[in-house]
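Here are my notes on the model you sent. Please read them with the structure open.

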Amino acid sequence: MSNSFNSWLIVFVVYFIGFLNMAVAQSGQPSEYPDHIVLNATPEPSTSVAVTWRTSTQVTEGFCEFQPGSDTKIGSAKTVAVKALMKTCEFGNPNETKISVNVYSVVLKGLAPGAKYLYRVGSGNFWSEWFEIEMPDLDVKKDFSFIYFGDPQLALKSEWSRVVRKSYQMVPDCRFMLYAGDIINRSGSESEWNEWFTAGSYLFSVVPQLMTPGNHDYSNLKIDKHWNTQFTQPQNGPNGLKGTCYYIDYPNLRLISIDSAAGSELENESGYEMTVQKAWLDSVLRTNTKKWTILTTHLPFYSTKDTRDNPQLRKHFQPILEKYKVDLVLTGHDHAYGRGRVSDNPNVKPSIVYVVSVSGPKLYPEGTKAWMEKRGGNTQLFQKITITGNKLVYKSFTASGNLFDTFSIQKMDSGKKKFK
């Protein structure tokens, strides 16, 4: 056999293996190597972080190795290995071929606020690359930013990807990414979740993801099986709603998620999902000692679309938000943009800023409702929110990175707010 033929054979084999690897990646089929690696914030995000990933069922155990950040070659002397909890899951909705995967989760605890760490996940001969993360600092005088997305939902790989990538390009030091529901379009769709992970890829491994569910994340009154398996979200909410209703505490921020998609969008006003979340929200706000309070949920308190309204949210939750002087409510669902300060109570001077936004390519025109101080339609957006001591600065950007909307809130020690 000639050397020339051997060379061509080697080239063919290399390209064929590359093609197979690409085909596996494109199909979303897991392999022995970890993928779908994602960080989630914990209730104490300055000292702990959650890591979740998956492999094929051929791998039967997983570990997360971590060590302090380093400016030199990564060594093993300071590495700590934590064995992950593992679940074997079958995913896929009725319109897809189902796949079986092993999903692993770890919560790294006892980390130092403000410190950098390196971590990787895997086992045996199958490991991810090393990722660097930085823990939030406890100093309330230091500023931090996070990114907020309205519904991604459709064309996640082809069209939403540019939004999440542009957001990280413009806010590389963001502490977390927040989603106001409808992460995918068809609850349980493995192919759509694979597109979401492809769109964010590396970013999801270094920036904690926080999400509240939307109506498309539910099917037949049940949350997508992926939700509490491929994510390790805080479990400090009411029974039956853990992982979708929760809160986290940053140095001077309490961020709260209410699950407005549960119970058929809280249709039964005296049902468990409504009553338990009202009581829980009141308790979480009553014990809140943070200067800033932000709530996120999927359904808007005030809709942008002229034919939509969610009066049950305002009736049951708005009095609680106003009682405890919540600052900002971030929502999705309407696939347009609206922002304003408003209240259903004529005796209350409106001070809560309500926002509706959309990040995916399913877009609607803006409505004409009077509550909106700023409105916009048919535009993909992301938002950067920065908190520095007594000041919150909000900026909304288009998918191309152009400034679309901005405002700021200055909060006095007395609690009085100045809007600009």
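The points below cover the cysteines first, then a pair of helices.

1. Keep in mind that this is a predicted model. The positions and distances below are computed from it.

2. There are zero disulfides in the whole structure. A disulfide would need two cysteine sulfur atoms within 2.5 Å.

3. Why does cysteine 64 form no bond? The closest cysteine sulfur belongs to cysteine 89, and it lies 19 Å away, too far for a bond. Cysteine 64 is also buried, because its relative accessibility is 0%.

4. Cysteine 174 gives a similar picture. Its closest cysteine sulfur is that of cysteine 64, at 20 Å, so a bond is ruled out by distance. With 7% relative accessibility, cysteine 174 counts as buried.

5. Now the helices. Helix α2 spans residues 156-170 and helix α3 spans residues 190-200. They pack at an angle of about 35 degrees, and their axes are 8 Å apart. The crossing of α2 past α3 is right-handed.

6. Which residues make the contact? From α2 come Leu156, Lys157, Trp160, Ser161, Val164 and Arg165. From α3 come Glu192, Glu195, Trp196, Thr198, Ala199 and Gly200. The contact is mixed in class: five nonpolar, three polar and four charged residues.

7. Is α3 mostly covered or mostly open? Mostly covered: eight of its eleven residues are buried. Among them are Trp193, Asn194 and Phe197. Glu192, Trp196, Ala199 and Gly200 are buried too, and these four also appear in the contact with α2.

8. Check the residue just after α3. Serine 201 has a positive phi there, about 35 degrees.

Notes. Residues numbered from 1 in each chain as written. Predicted model: local features only at pLDDT ≥ 70, side-chain atom pairs only at ≥ 80, totals over all residues. Heavy atoms only, no water. Buried < 20%, exposed > 50% of the residue type's maximum accessible area, 1.4 Å probe, protein only. Axes fitted to C-alpha atoms, helices over the stretch in contact; angles between N-to-C directions. Helix = DSSP H or I, 4+ residues; strand = E, 2+ residues; numbered from the N terminus. Left-handed = near helix turned anticlockwise from the far one by under 90°. Contact = heavy atoms within 4.5 Å. Nonpolar A, V, L, I, M, F, W, Y, C, P; charged D, E, K, R; others polar.
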